[in-house]
Amino acid sequence: MNRMTQPRTSVTEWLNAQMLERIQAEAFAEAFRNFNGDPADDPGGPGTGPGKNFAVFGLSARPGDPDGLAGEVIFPTPAGLPGSLMENVVDERLGMPRDLNGDAAISTTANYASTYTILPVRVRVQWVGPAGPGEVELRTMVGNF
Ligand SMILES: [Ca+2]
Ligand SMILES: [Ca+2]
């Protein structure tokens, strides 16, 4: 079977094996800062983390994709504040808003970028190929278990 005739299955497998496991393999408290869209807060120094954008084998990003890479890691961060992990962000696919630091309250002001106790994450690939545009998204909740 030609891989490009079944891209959805292979992309899903790749996302599971490469991205979700990679995020879960990070030191838990550093996963958000390493994979968010703010290079300034990377735990190993500015620009040392992988960041939120990633390439996927053989897949072309859609025209107009801001970074030219088909893959993206999405956390509950407010628009324009990629380094702020906020409990009051509205994102139904991440189950947000919700408590992220275990105090049973939802703060409208605090940034839990390094003090979260659970981390909701989406990994999404949007591409365009011979068969037209495609999209695969996986969601998970990373915990310090
Ligand atoms: Ca970062
Ligand atoms: Ca809370």
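**Exercise 1. Which residues of helix 1 are buried?**

Before we start, a word on the model: this is a predicted model, where local features need pLDDT of at least 70, side-chain atom pairs count only at pLDDT 80 or more, and totals for chains, interfaces and linings use all residues. Residues are numbered from 1 along each chain as its sequence is written, while chains are lettered from A and ligands numbered from 1 in the order in which they are written.

*Solution.*
- Step 1: Learn the terms. Helices (H or I, at least four residues) and strands (E, at least two) are DSSP runs, numbered from the N terminus. A residue is buried if 20 or more other C-beta atoms lie within 10 Å of its own, exposed if 12 or fewer, and partly exposed in between, with C-beta atoms placed from the backbone.
- Step 2: Read off the residues. In helix 1 the buried ones are Pro7, Val11, Leu15, Met19 and Ile23.
- Step 3: Recall a rule. An α-helix has 3.6 residues a turn, so residues three or four places apart point the same way.
- Step 4: Look at what lies over them. The cover of these buried residues includes helix 2, strand 1 (53-54), strand 4 and strand 5.

**Exercise 2. Describe the length and the kink of helix 1.**

*Solution.*
- Step 1: Helix 1 has 19 residues and reaches 26 Å from its first C-alpha to its last. That is close to the expected 27 Å, found as 1.5 Å times one less than the number of residues.
- Step 2: Centred on Leu15 is a kink of about 35°; the bend at a residue is the angle between axes fitted to the seven residues ending there and the seven starting there.

**Exercise 3. Explore the largest nonpolar core.**

*Solution.*
- Step 1: A nonpolar core is a set of buried Ala, Val, Leu, Ile, Met, Phe, Trp, Tyr and Cys residues joined through C-beta atoms within 7 Å.
- Step 2: The largest one has 23 residues, and Leu15, Phe32, Ala70, Leu85, Val121 and Val125 have the most contacts inside it.
- Step 3: Helix 1 (7-25), helix 2 (31-35) and strand 4 each supply at least two residues of this core. Strand 4 gives the most, with 5 residues.
- Step 4: Now pick out Val121. Not counting residues up to four places away in sequence, Val121 touches Ile23, Val73, Ile74, Phe75, Thr140 and Val142; contact here means C-beta atoms, placed from the backbone, within 7 Å.

**Exercise 4. How do strand 4 and strand 5 pair?**

*Solution.*
- Step 1: Two strands pair if DSSP finds at least two bridges between them.
- Step 2: Strand 4 (residues 118-129) and strand 5 (residues 132-143) are antiparallel partners over 12 bridges.
- Step 3: Find the turn. A hairpin of 2 residues joins strand 4 to strand 5.
- Step 4: Find one facing couple: Gln126 stands opposite Glu135.

**Exercise 5. Visit the loop between strand 3 and strand 4.**

*Solution.*
- Step 1: Pro97 is in this loop, and the peptide bond from Met96 to Pro97 is cis, with omega near 0°.
- Step 2: Asp103 also has its place between strand 3 (71-74) and strand 4. Asp103 counts as exposed because 11 other C-beta atoms lie within 10 Å.
- Step 3: Ala104 lies in this loop too. Ala104 is exposed, with 6 other C-beta atoms within 10 Å, and its phi is near 65°, a positive value in a residue other than glycine.

Terms used
Contact = placed C-beta atoms within 7 Å.
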